[in-house]
Amino acid sequence: MNSGAPPKAFVVGWPIAQSRSPLIHRYWLQKYEIAGSYDAIAVEPDRISAFLAGFGDDGFVGGNVTIPHKTAAFNAADETDDTARFLNAVNTLWREGDRLCGTNTDVCGFLQNLDETAPGWADDPGAATILGAGGAARAVAYGLIGRGFAPVRIVNRTISRAGELAALFGPPATAHSFKELAGLLGDTALLVNATSLGMINHDPLDIDLASLPLDALVTDIVYVPVETGLLAAAARRGNPTVDGLGMLLHQAVPGFQKWFGVRPQVDQRLRARLLADIGAAG
Ligand code: ATR
């Protein structure tokens, strides 16, 4: 480790230009007057193992890992926690002595966003319906089952993927096709979009919310745009909604604390900066 020098952290991915992590961490470095740095680094898949093995030599204390390197980061870490092991994916790396430690902060980011934005949302957990069966859906299902939601319905275009994900969890989780959605929404307390549908430059998420109870909470992991078609449709009929930008902000907190020694606040100015960057301000 580069003792005495200002701590340096990174976000690594391929591609990396779309990452908003530098905006978040540089905001906090400035806010807390920390002499450190945070840089986006593009690393191709065939070079990621070497990068992860050697970043300490370049003076980095750790960093974030994004698509498509989260499994490589999991494999590179000497120590991981239960969440990272369950997800088989690491998005946050730091060093403890000569050990490389890794965790996955997507689960706590998802939960903390709801804790802050919709207080009491999990006080009396009922049925949850998750759209999607990829890595994001896996993190969401893990978090919701941990908070006691049951049943947790996993609805996916490719039913075999939904089945595989539900089988990982066992009983609270069940697998479904989109054809079953109208029936499932009838007693849903929490609806989560964990597909890429509704994201800019992707297909829209086209579902009928008619059977969803009006007090069901609706949230989306998509944050570009911040108000997705799903959230707009839910809000129009009176459902409470939480957007996905807060998940992005909250998942960044643990890494900053590890690298720079301060637990940062997700404040309104940071959110406003991200909104402006995404083009949704005002
Ligand atoms: P991530 O790890 O970010 O969740 P992923 O593993 O590629 O990414 O998963 C994307 C999710 O969006 C999947 O649930 C995918 O459905 P399939 O498993 O059937 O591919 C869903 N998805 C993406 N495009 C879709 C589309 N046009 N229609 C329905 N679902 C779609």
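**View 1. Who lines up around the ligand in this predicted model?** By class, the shell around the ligand is made of seven polar, three charged and three nonpolar residues. That gives 13 residues surrounding the ligand. The closest of these are Ala133, Asn156, Arg157, Thr158 and Arg161, so take a moment to find these five names in the picture.

**View 2. A closer look at polar contacts with the ligand's oxygen atoms.** Start with Arg157: a polar atom of its side chain sits 2.8 Å from a ligand oxygen. Now hop over to Arg161, where a polar side-chain atom also lies 2.8 Å from an oxygen atom of the ligand. Ala136 joins in with its backbone instead, as one of its polar backbone atoms is 3.1 Å from a ligand oxygen. How much of the ligand's accessible area does the protein cover? On its own the ligand has 640 Å² of accessible area, and the protein covers 69% of that.

**View 3. An open sheet with parallel pairing.** Six strands make up this sheet, and you can read them across in the order S9-S8-S7-S10-S11-S12. The pairing is parallel. Strand S9 (173–176) and strand S12 (241–242) are the edge strands, each pairing on one side only. Zoom in on S9 and you'll find strand S8 (residues 152–155) running parallel to it, joined by four bridges. One spot to pick out is Ile154, which stands opposite Ala175 in S9.

**View 4. Helix H9 lying across its strands.** Helix H9 covers residues 229–236. It lies across strand S10 (188–193), strand S11 (217–220) and S12. Compare directions and you get about 165° between H9 and S11.

**View 5. Another open sheet, this time with mixed pairing.** Here the six strands follow the order S2-S1-S3-S5-S6-S4, and the pairing is mixed. Which strands sit at the edges? Those are strand S2 (37–42) and strand S4 (79–80), each with pairing on one side only. S4 pairs with strand S6 (residues 99–103) in the parallel sense, over two bridges. Look for Thr80 here: its bridge partner in S6 is Gly102.

**View 6. Two helices on the mixed sheet.** Helix H1 (residues 21–31) packs on the sheet, where it touches strand S1 (8–13), S2 and strand S3 (60–65). The direction of H1 makes about 170° with that of S2. Helix H11 (residues 253–260) lies across S1, S2, S3 and strand S5 (92–96). Check H11 against S5 and the angle is about 25°.

Definitions and conventions. Residues are numbered from 1 along each chain as its sequence is written. This is a predicted model: local features need pLDDT of at least 70, side-chain atom pairs count only at pLDDT 80 or more; totals for chains, interfaces and linings use all residues. Side-chain values use heavy atoms; hydrogens and water are left out. Two strands pair if DSSP finds at least two bridges between them. Contact means heavy atoms within 4.5 Å. Axes are lines fitted to C-alpha atoms, for helices over the stretch in contact, and angles run from 0 to 180 degrees between N-to-C directions. A residue is near a molecule or strand if one of its heavy atoms lies within 4 Å of it. A polar contact is a pair of N or O atoms within 3.5 Å; within protein, one must be able to donate a hydrogen and the other to accept it, and residues adjacent in sequence count only if both atoms are side-chain atoms. Accessible areas come from the Shrake-Rupley method with a 1.4 Å probe; for residues, only the protein chains shown count as cover. Ala, Val, Leu, Ile, Met, Phe, Trp, Tyr, Cys and Pro count as nonpolar, Asp, Glu, Lys and Arg as charged, and the others, Gly among them, as polar.
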